[in-house]
Amino acid sequence: MNKHATLERIFHLHERGSTVRTEFLAGFTIFLSCASVLVLTPSILSAAGMDTKAVFYATAISVFIACTLMGIYVNRPIALGPSIGLASFLSFYVVKTLGMLASGQRKKISPVVIILSILFIFYLVCNAIL
């Protein structure tokens, strides 16, 4: 079977008015955006005292998993990854300005980030079903 026909069948490109070439270029553009996140997020979060290598690997793995699941299961062209704005907010305002650098205080931040992430994914999945 032709590779283009397989991609067409899986992602319904013709129904959406797209082509394999257009999707490839869009994917490459999104990859470049995510690549910048791989550089910026660790440097921003290192200002909050986090390990740069650990943040880099966590960012890379989370972007890969989220984008793969979004493309295959939800079939939407949305890249998911950590927000540079959220990383900046956590590093410079919450940790530096509010002084929540102690590990006990960090535990209060994590549930908020997780809840917001789950709500966003829930919204995308519900939107894909409808």
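The following exercises, with worked solutions, concern a predicted model of a protein.

**Exercise 1.** Determine how many helices and strands the protein has, and state the pattern they follow along the sequence.

*Solution.* Begin with the count: there are five helices and zero strands. Next, read along the sequence, where the pattern is α-α-α-α-α.

**Exercise 2.** Check what span helix α2 should have, and compare it with the distance between its end C-alpha atoms.

*Solution.* First, note that helix α2 covers residues 20-46, which is 27 residues. Second, apply 1.5 Å times one less than the number of residues; the expected span is 39 Å. Third, take the end C-alpha atoms, which lie 39 Å apart, so the two values agree.

**Exercise 3.** Identify which residues of α2 are buried, and state what percentage of the whole protein counts as buried.

*Solution.* Within α2, the buried residues are C34, V37, T41, P42, I44 and L45. For the whole protein, 18% of the 130 residues count as buried.

**Exercise 4.** Decide whether Y73 is buried or exposed, then describe the nonpolar surface patch to which Y73 contributes.

*Solution.* Locate the residue first: Y73 belongs to helix α3, residues 52-74. Its relative accessibility is 66%. The cut-off for exposed is over 50%; therefore Y73 counts as exposed. Finally, Y73 joins F56, Y57, I61, F64, I65, L69 and I72 in making a nonpolar surface patch of about 910 Å².

**Exercise 5.** State the accessible surface of the protein and the share that belongs to carbon and sulfur atoms.

*Solution.* The accessible surface comes to about 9200 Å². Of this area, 72% belongs to carbon and sulfur atoms.

Technical notes:
Residues numbered from 1 in each chain as written. Predicted model: local features only at pLDDT ≥ 70, side-chain atom pairs only at ≥ 80, totals over all residues. Heavy atoms only, no water. Helix = DSSP H or I, 4+ residues; strand = E, 2+ residues; numbered from the N terminus. Buried < 20%, exposed > 50% of the residue type's maximum accessible area, 1.4 Å probe, protein only. Areas by Shrake-Rupley, 256 points an atom, 1.4 Å probe, with all protein chains shown as cover. Patch = residues over 30% accessible without salt bridge, like charges linked within 9 Å, V, L, I, M, F, W, Y side chains within 5 Å. Salt bridge = Lys/Arg side-chain N within 4 Å of Asp/Glu carboxyl O.
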